[in-house]
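Student: Could you take me through one part of this structure slowly? I would like a close look at a single helix and at whatever it meets.

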Amino acid sequence: MKYLKSFLVWLCFIPAAILNGGFREYVLTKYLDTALATAASGILLSIMILFITWLLLPRLVTLNRKESFIAGIIWTLLTVIFEFTSGIGTGVPMKELIAAYNPLSGNLWILVVLTTMFAPTIISRINKRYE
């Protein structure tokens, strides 16, 4: 049941990521070059993931260290599966999907994936300090 509740938090990342992508395409790229807009978007989405996790996870479920780590692994797998499934479904070439994981290209998608993986652990530790 704990992982099902944590899954509900992960589901909130999807609309946040979609809104972030729209913000990148319609706002950031007007003021920044594509590489910088993509990098800024990755940082912004990572912050959004941490914020959503901080806001929702402790209100839905209490996870110990091991459970937080497992939830992060599950979230990461879900994120990668979702990204590749939606990318392939919309006609994005596999080469382009894989290239997003190369931070040297200016794309900080790997930062988003790592933030997703460690967000439950980070937020659980922060909350334990203030209990």
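Tutor: Let's start with L111, which is found in helix α6. Keep in mind as we go that this is a predicted model. Is L111 buried, exposed or something in between? The relative accessible area of L111 is 33%, and the limits are under 20% for buried and over 50% for exposed, so L111 counts as partly exposed. Now look for what L111 touches. Once neighbours within four places in sequence are set aside, L111 is in contact with G42, I43 and S46. For a sense of distance, pick out F23 too: F23 and L111 are 88 residues apart in sequence, and their C-alpha atoms are 18 Å apart in space.

Stay on this helix and move along to L114, which is also found in α6. L114 has 39% relative accessibility and therefore counts as partly exposed. L114 also belongs to a nonpolar surface patch of about 670 Å², made together with F69, I73, L77, I81, F118, I122 and I126. Which elements give two or more residues to this patch? They are α4, residues 65-89, and α6, residues 109-129. As you trace the patch, here is a rule to hold on to: an α-helix has 3.6 residues a turn, so residues three or four places apart point the same way.

Since α4 shares in the patch, let's cross over to it. T76 has its place in helix α4. With 12% relative accessibility, T76 is under the 20% limit, so T76 counts as buried. What does T76 touch, leaving aside neighbours within four places in sequence? Its contacts are V113, T116 and M117. With M117 we can be more exact: a polar atom of the T76 side chain lies 3.5 Å from the backbone nitrogen of M117.

Another residue of helix α4 is E67. E67 is buried, because its relative accessible area of 17% is under 20%. Not counting residues up to four places away in sequence, E67 touches K2, Y3 and T62. The contact with K2 deserves a second look, since the side chains of E67 and K2 meet in a salt bridge, 3.1 Å from N to O. This pair links distant parts of the chain, with E67 in helix α4 and K2 in helix α1, 65 residues apart. The two partners differ in how covered they are: E67 is buried, whereas K2, at 36% relative accessibility, counts as partly exposed.

K2 brings us to helix α1, residues 2-11, where the buried residues are S6, V9 and W10. Those three cover an arc of only 100° around the axis, which means that they lie on the same side of α1.

How many salt bridges does a search of the whole structure find? There are 2. You have already met E67 with K2, and another is formed by E25 and R24, whose closest N and O atoms are 3.1 Å apart. E25 is partly exposed at 43% relative accessibility, and R24 is partly exposed as well, with a relative accessible area of 23%.

To retrace the path, begin at L111 in α6, go on to L114 and the nonpolar patch, cross to T76 in α4, and follow E67 to its salt bridge with K2.

Methods. Residues are numbered from 1 along each chain as its sequence is written. This is a predicted model: local features need pLDDT of at least 70, side-chain atom pairs count only at pLDDT 80 or more; totals for chains, interfaces and linings use all residues. Side-chain values use heavy atoms; hydrogens and water are left out. Patches are made of residues with over 30% relative accessible area and no salt bridge: like charges are joined within 9 Å, nonpolar side chains (Val, Leu, Ile, Met, Phe, Trp, Tyr) within 5 Å. Accessible areas come from the Shrake-Rupley method with a 1.4 Å probe; for residues, only the protein chains shown count as cover. A salt bridge is a side-chain nitrogen of Lys or Arg within 4 Å of a carboxyl oxygen of Asp or Glu. Helices (H or I, at least four residues) and strands (E, at least two) are DSSP runs, numbered from the N terminus. Buried means under 20% relative accessible area, exposed over 50%, partly exposed in between (1.4 Å probe, protein chains only). A polar contact is a pair of N or O atoms within 3.5 Å; within protein, one must be able to donate a hydrogen and the other to accept it, and residues adjacent in sequence count only if both atoms are side-chain atoms. Contact means heavy atoms within 4.5 Å. The arc is that of the directions from the helix axis to the C-beta atoms.
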